[in-house]
Amino acid sequence: MSSISTINFIPRQNRLRYIYWRQLHRQQRIFVIVIVLLLVFIYFGYRSHATEPANEQPHEYHRDEINKDKEAWQRKQKEESQAGKFKPQKQYFSNPTNERQIAVRDAMRHAWKAYRTYAWGYDELLPISKTPSPWFGLGLTIVDSIDTLYIMNMTEEYKEAREWIEKSFSCDSDSVDKFNSHFEITIRVLGGLLSTYHLSADDIFLQRAIELGDRLFINFNTPTRLPLAEINIKRKAASGYRWTSDSALSEVGTVQIEMRDLSRVSGEKKYEDAADKSAAVLHHQSKKDGLLPIFVSPLTGRSSGGVVSLGARGDSYYEYLLKQWLQTGQQRSTFWDDWIESMDGVRKHLWRLAYPDKLYFVGELMSMSTFSPKMDHLVCFLAGNMALGWSYKKDLTYLLDMAKDLTKTCYQTYAKQATGLSPEIAYFNTDPQSNEPTITVRDNDAHNLLRPELIESLYYMYFLTGDTIYQDWGWKIFQSFEKYTRQTDGYSSINDVRNPDNVRPRDKMESFFLAETLKYLYLLFDKKNLFPFDQWLFNTEAHPLPIYKN
């Protein structure tokens, strides 16, 4: 049947449409057909690709995506740098310059090798049992001590630590799904990332610092803007302690330097705002000649407890008053005013002479009034802190005098023990008529945790006075660490500094031994100060950060 005869059987309306279609130009029909076929091809091609498993994509694809992310980050950093952000210059360090430094670096290598062998990726090492110790779930020893590796020019160890931070450090892993100390994470982990960024100028450390800082920022969301005590990094949840609504003074007063520095390098003002608001709350507290009780509520802002101490729970609040003044270019006088007032308060209420050796020490107040002749080893940071303050106001000679006296006393807490190592806590005899020894160590306080505070002060005292006795004291302490705390693998805290025949290792190598103690020893034994005090400051975990002009 012909097409003409066929069309006669089609209804009129449809016949007209058919005639119209037949009259379309042949090329137009072909064009429409091609478009339809192309759309069908794209649709089925997309469905086929979308159902492919992700793990079957070629490695070249993943590398391209990573490179794109890296390029985007680099572009962002360049734009932010042009917008006025602080961009660090890479620092270079030579190999050890003398036998003492070589010995300290060998100790660092011994500690690192043990951690690398038995606890890699975990927070700390248990050197006796040769097992890892979890805490934060953030690879604490790696992040806390990587700047020590960098400063000691331990290139291979630094590279493997950097690779772990790039590939394995995560704020979203299951290992961080728990509440931990906001203060400890800030000073150890955030401080370590920021410090290594300033030393290496490597953007991976800034990336990780921002990731962590965004989580820590949550803790400042309180009525007073003082941070809560604990944080769950994974769940982005803040919390006070389960047993009390209060936090320690040091916990709320020793996070400002890190948050302020994060603002300077990221360009995000919110971190510094949080630091400033929390510092302002502490500034306006009612004080006893600059001194505060060791407990404060982040919910009400009120202090409590009546115990005044520059040891545990109080120490680094006073340390950061001076260092915030330095960090901000000496432009914020309230930090200096609060610090110098507190130093006068120490001299008035806590400064005593012990007999018969006539050693000056810093005690505590109970109920804001009753003196206790107890001094934690932690207080030994104060000598270096006072000497640093004196270096900016040299007419205040009493600061240097007190620093010298306290350094001597702290060294004697080492020298008077049979192991040459200090106890965690010492008690002093303030009665000149008593037959008691100048320093008494109680059974519960006889342990040594490999702490850095006296080594820190020796470092400041040597470079501010030039007196080599501080280096010699540091060397004797280092030799005692080597003799009594060095294990086959790593180093261990010990239980009894009084008994050289049975120190009873505690099976714990604190991350701060690598981050602080060995770092300060290494710096102490250098011919020159690798971190000039007018350019750098150390956070309370010995992570160097720059001093800004404003």
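**Exercise 1. Locate Arg313 and describe its backbone and its exposure.**

Solution. Arg313 sits in the loop that runs between β8 (303-304) and α13, where helices (H or I, at least four residues) and strands (E, at least two) are DSSP runs numbered from the N terminus. The model is predicted: local features need pLDDT of at least 70, side-chain atom pairs count only at pLDDT 80 or more, and totals for chains, interfaces and linings use all residues. Residues are numbered from 1 along each chain as its sequence is written, and side-chain values use heavy atoms, with hydrogens and water left out.

Next, consider the backbone. Phi of Arg313 is near 80°, a positive value in a residue other than glycine. Most residues other than glycine have a negative phi, and most peptide bonds are trans.

Finally, consider exposure. Buried means under 20% relative accessible area, exposed over 50%, and partly exposed in between (1.4 Å probe, protein chains only). Arg313 has 45% relative accessibility, so it counts as partly exposed.

**Exercise 2. Examine the length, bend and burial of helix α13.**

Solution. The expected span of a helix is 1.5 Å times one less than its number of residues. For the 13 residues of α13 this rule gives 18 Å, and the end C-alpha atoms are 19 Å apart, which agrees.

The bend at a residue is the angle between axes fitted to the seven residues ending there and the seven starting there. In α13 the bend is about 25°, at Leu321.

As to burial, 13 of the 13 residues of α13 are buried. Just after α13, Gly329 has a positive phi of about 70°.

**Exercise 3. Determine how α13 and α15 are arranged.**

Solution. Axes are lines fitted to C-alpha atoms, for helices over the stretch in contact, and angles run from 0 to 180 degrees between N-to-C directions. The axes of α13 (residues 315-327) and α15 (residues 381-392) come within 10 Å and cross at roughly 25°.

Angles under 35 degrees count as roughly parallel, over 145 as roughly antiparallel, 65 to 115 as roughly perpendicular and the rest as oblique. The two helices, α13 and α15, are therefore roughly parallel to each other.

The contact (heavy atoms within 4.5 Å) involves several residues of each helix. Among them are Tyr318, Leu322 and Trp325 in α13, and Phe381, Leu388 and Tyr392 in α15.

**Exercise 4. Apply the approach of Exercise 2 to helix α19.**

Solution. At 1.5 Å a residue, the 14 residues of α19 (residues 511-524) should span 20 Å, and the end C-alpha atoms are 20 Å apart, which agrees. A kink of about 25° in α19 is centred on Leu518. Of the 14 residues in α19, 14 are buried.

The loop between α18 (469-484) and α19 holds Asn499, which is partly exposed at a relative accessible area of 28%. Asn499 and Ala446 are 53 residues apart in sequence, while their C-alpha atoms are 9.6 Å apart in space.

**Exercise 5. Describe the backbone at Lys130 and at Pro356.**

Solution. Lys130 is in the loop between β1 (124-126) and β2 (131-133). Although not a glycine, Lys130 has a positive phi of about 55°. Its relative accessibility is 33%, so Lys130 counts as partly exposed.

Pro356 lies in the loop between β9 (351-354) and β10 (359-362). The peptide bond joining Tyr355 and Pro356 is cis, with omega about 5°.
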